[in-house]
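Q: Got a minute to look at a structure with me? I'd like to go through some charged pairs and then the core.

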Amino acid sequence: MSETLSTSEDRSVSSMVEVAVDPVTAFAAFTEELDLWWVRGPINHHAAGRVLALRCESGVGGRLLEVYDDTTGDALELARITAWEPGRRLAWRSSIDDVETEVSFDSAGEGTAVRVVARIPAGGQDRGGTSWVRVVPKWFGPWCAERDVVPHEVRDLARLALSVSYAKPAAAAQWLAHVFGFQSPDPLPEGADPLPEGEHGHPWIEFRVGNCSLMLFKLEDDRPERVRTHVPWVYVDDVEEHFRRAEAKGATIVEKLDSPWGLPFYVADDPEGNRWTIVQARPTMR
């Protein structure tokens with residue numbers, strides 16, 4: 001997650017989205033269906049290769065959790081609930097940084113205005129706690145629009161994804177959306193490059209084709225003939241064992257096994273120079 005430098009003044013960021021359900025339903029959908037509306041992307045979690053579910057425990061003192069194993073109770077506590085007023089207000093204090101977040105649910109016509117305010121106290125740190133301000137409008141809003149007509153089950157990524165590098169990825173994304181009709185779970189950047197900074201400090205643009213991920217990166221070289229512009233991502237059950245096997249059998253290892261965004265992966269070239277990214281699959285990836 002990104003980190004904000006501390007300052008001597010309190011800071012806050014906010015966002016709002018209107019949803020076509022009443023406040024009581026919106027509150028229930030936000031808390032009880034958290035794992036359904038939080039988008040399963042390559043790096044949308046702290047430990048993206050291990051996460052089983054996101055969970056919101058009810059009531060003051062409850063926890064926001066990134067769950068890794070229900071049997072052992074292995075989980076990352078993201079926050080503690082400090083206010084629980086169904087249909088009206090929800091608040092929590094982050095357990096990973098100094099951010100305090102409040103979500104209000106106010107009647108707006110026939111629907112609900114969902115407002116998210118994240119506050120960082122003077123001298124405090126933001127290591128991702130403010131991310132709720134960014135993700136609620138773009139993820140919770142669409143979920144409320146479709147929750148009555150889609151199955152209530154986790155929609156994880158497919159085991160095969162593709163990254164494509166462009167000299168001008170922002171312009172390419174606009175073209176792909178306009179001409180091919182590709183859809184992204186996030187707002188597309190406006191104008192030209194550079195790409196917007198990602199939640200984990202790694203800029204890319206993501207599209208979804210069914211449940212497959214198509215990721216756009218910026219070319220590291222201005223001469224496409226000198227780089228691999230299309231790189232498959234393959235998700236495997238045990239990336240550590242996979243890496244040992246590939247290394248032992250002579251694959252050209254370009255990047256050794258690492259986990260910079262909580263997502264273990266390595267990069268290798270095959271005998272004809274085609275590049276592959278091998279990634280740890282989540283338990284929910286089929």
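A: Sure. Keep in mind it's a predicted model. Let's start with arginine 89, which is partly exposed, at 27% relative accessibility.

Q: Which side chain does arginine 89 meet in a salt bridge at 3.0 Å?
A: That's glutamate 85, with 3.0 Å from N to O. Glutamate 85 counts as partly exposed because its relative accessibility is 24%, and partly exposed means between 20% and 50%.

Q: And what's the N to O distance from arginine 89 to glutamate 102?
A: The closest N and O atoms there are 3.4 Å apart, again a salt bridge. Glutamate 102 sits in strand β6 (residues 100-108) and arginine 89 in strand β5 (residues 89-94), 13 residues apart. Glutamate 102 is partly exposed, at 27%.

Q: Which residues do shared salt-bridge partners join into one network?
A: Asp35, Arg40, Asp156 and Arg282.

Q: How many salt bridges by this rule?
A: The count comes to 22. One of them pairs aspartate 74 with arginine 50, at 2.3 Å between the closest N and O atoms. Aspartate 74 is in strand β4, while arginine 50 is in the loop between α2 and β2.

Q: OK, switching to the nonpolar stuff. How many residues are in the largest core?
A: It has 35, and Phe30, Trp92 and Phe140 are among those with the most contacts inside it. Helix α3 (residues 131-146) gives the most, eight residues.

Q: What does phenylalanine 30 touch?
A: Leaving out residues up to four places away in sequence, its contacts include Trp37, Leu90, Val103 and Trp132.

Note on methods:
Residues are numbered from 1 along each chain as its sequence is written. This is a predicted model: local features need pLDDT of at least 70, side-chain atom pairs count only at pLDDT 80 or more; totals for chains, interfaces and linings use all residues. Side-chain values use heavy atoms; hydrogens and water are left out. A nonpolar core is a set of buried Ala, Val, Leu, Ile, Met, Phe, Trp, Tyr and Cys residues joined through side-chain atoms within 4.5 Å. Buried means under 20% relative accessible area, exposed over 50%, partly exposed in between (1.4 Å probe, protein chains only). Helices (H or I, at least four residues) and strands (E, at least two) are DSSP runs, numbered from the N terminus. Contact means heavy atoms within 4.5 Å. A salt bridge is a side-chain nitrogen of Lys or Arg within 4 Å of a carboxyl oxygen of Asp or Glu.
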